[in-house]
Structure formats: C-alpha cells, structure tokens
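Grab a pencil and have a look at the model below. Try each exercise before you read its solution.

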Amino acid sequence: MNARSQLFELSVEGRQIEEVVLSIFHTLLFHRTTGKFHYKKEGTYSIGTVGLVDVDCDFIDFTYVRCTSDELDAALKREISTFKDALRNSEGPLTGQISLEFYQRKKTRWPFPAECIPWEVWTLNLNVITLTNEHERQICREKVGEILGEKIICITEAMNRSDFLPKMPNQSDLDTVFDTGYSDVQPYLYKVSHVTSGPPSASVSSTMRKLIRDTLAL
C-alpha cells in the first residue's frame with residue numbers, strides 16, 4: 001500500500017517555528033482523532049466525544065483549532081520543541097523538515113516485531129529567515145498567517161475526500177490502528193520525525209523576502 005503524502009513549504013522567523021508546526025499538525029490530528037471507544041461486548045461499542053478549543057498564536061496573525069486533550073497537546077509540543085530547538089540552536093541560516101505520519105501495525109509471527117505500515121504522511125519544510133526590524137516582522141506575521149489559512153483549507157479539502165482509512169478493528173486489535181495511550185481521546189497511530197540541514201531553499205526564502213519588500217513599498 002502506498003501512503004498518501006503532502007508537502008508544505010514555508011519561510012518563517014525562528015520564533016514562529018513552533019506555532020506554524022502546531023497549527024498544521026493539530027489541524028491534522030483534529031481530523032484524525034476519535035473519542036475513546038467504550039466496549040460493552042465484542043463488536044458493540046460506543047464512542048466518546050472530542051472537544052475542540054481555539055488557539056490564538058502569539059507570533060502569527062492566526063487562530064487554529066485543536067482537540068481539547070491536554071495530553072495530546074503536551075505530547076505534540078514535546079516533539080515540536082525538539083525540532084524547534086535543533087533549528088534555532090544551529091549556526092547560520094537553516095532549513096528543517098518535520099513530518100507527521102499516520103500508520104497501522106501489522107502483527108507478525110513471534111519472535112518478529114509488528115510491522116508499521118504508513119498510510120498518510122504530511123511533511124512540512126521550514127526555511128528560517130532573519131528579519132532586521134519590527135516593521136518587517138509585523139508584515140511577516142501577517143503573510144505567514146495568510147499562508148497558513150491556505151494550508152488549513154487544503155487540509156480540510158483533503159480530509160473531506162473519501163480516501164483510504166484503516167478498517168475499524170476488533171477490540172483485540174484496537175491498538176494496531178489507534179493510539180490507546182491517551183485517557184480522553186483516541187488518535188490514529190502516528191509518529192513525528194524531523195531532520196535539520198544546511199542553507200534554506202533560495203526560492204522559498206527569497207519569495208517571502210520579496211513579499212515583505214513589496215508590502216513595504218506600498
């Protein structure tokens with residue numbers, strides 16, 4: 001099975017890294033999370049509710065929606081904080097890639113471990129730029145907010161398509177499809193991975209700088 005994949009690319013300030021990734025990944029997880037399954041007997045179950053909360057960004061003119069689960073929020077922030085620190089603590093202009101992968105486990109015969117099969121992968125390439133004054137930063141927070149709005153619409157449209165989702169499992173196989181480790185929600189199994197590398201993509205970072213220069217010229 002080939003996993004569906006989607007790549008987004010943005011140029012951001014260092015202080016915007018965490019909020020950009022959180023806004024996109026939380027949106028994805030909101031669509032890929034169910035309430036907890038409560039089984040009465042095998043094949044009969046009820047599903048709890050998933051609450052939502054609006055989050056206002058501090059460094060971007062943007063508001064996104066996430067599940068009300070503080071456990072899920074904390075888990076995601078830990079992963080993204082590691083990525084952010086790796087980018088911000090490196091010398092010179094850098095680019096980083098962080099991915100949110102949804103997968104399911106395929107049980108194998110003992111003594112082999114279960115096989116993890118990805119079915120959807122969302123990747124975010126970030127080019128970190130340095131701005132020289134507060135005016136440029138204000139323009140950047142507005143532009144990044146506009147771009148994020150476009151990405152969220154893209155995600156919503158993708159989620160509304162009738163593409164592959166893992167088949168609802170039996171109770172005994174629940175943890176092969178869902179992460180059952182949270183007390184209040186049940187996301188599809190997912191993992192976050194990231195890499196950082198050298199100088200950022202010239203095309204994307206120069207595009208952002210041109211947007212800022214054009215806005216200043218108005």
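Here are three short exercises on this predicted model.

**Exercise 1.** Work out what span helix α2 (residues 70-88) should have, and check that against its end C-alpha atoms.

*Solution.*
- Step one: helix α2 has 19 residues, and at 1.5 Å a residue these should span 27 Å.
- Step two: the end C-alpha atoms of α2 are 26 Å apart, which agrees with the expected value.

**Exercise 2.** Which residues of α2 are buried, and which are exposed on the other side?

*Solution.*
- Step one: pick out the buried residues of α2, namely Leu72, Asp73, Ala75, Leu76, Ile80, Phe83, Lys84 and Leu87.
- Step two: these residues cover an arc of only 170 degrees around the axis, so they sit on the same side of α2.
- Step three: turn to the other side of α2, and you'll find Asp70 and Arg78 exposed.

**Exercise 3.** Find how strands β5 and β6 pair, then say whether Thr27 is buried or exposed.

*Solution.*
- Step one: β5 (residues 52-56) and β6 (residues 63-67) pair in the antiparallel sense, with five bridges.
- Step two: to get from β5 to β6, follow the hairpin of six residues that joins them.
- Step three: start at Asp54 and look across to β6, where its bridge partner is Val65.
- Step four: Val65 is also one of the residues that Thr27 touches; leaving out residues up to four places away in sequence, the others are Leu22, Ile152 and Ile155.
- Step five: Thr27 lies in helix α1 (residues 17-31). Its relative accessibility is 8%, and buried means under 20%, so Thr27 counts as buried.

Notes:
Residues numbered from 1 in each chain as written. Predicted model: local features only at pLDDT ≥ 70, side-chain atom pairs only at ≥ 80, totals over all residues. Heavy atoms only, no water. Helix = DSSP H or I, 4+ residues; strand = E, 2+ residues; numbered from the N terminus. Expected span 1.5 Å × (residues − 1). Buried < 20%, exposed > 50% of the residue type's maximum accessible area, 1.4 Å probe, protein only. Arc of directions from axis to C-beta. Pairing = 2+ DSSP bridges. Contact = heavy atoms within 4.5 Å.
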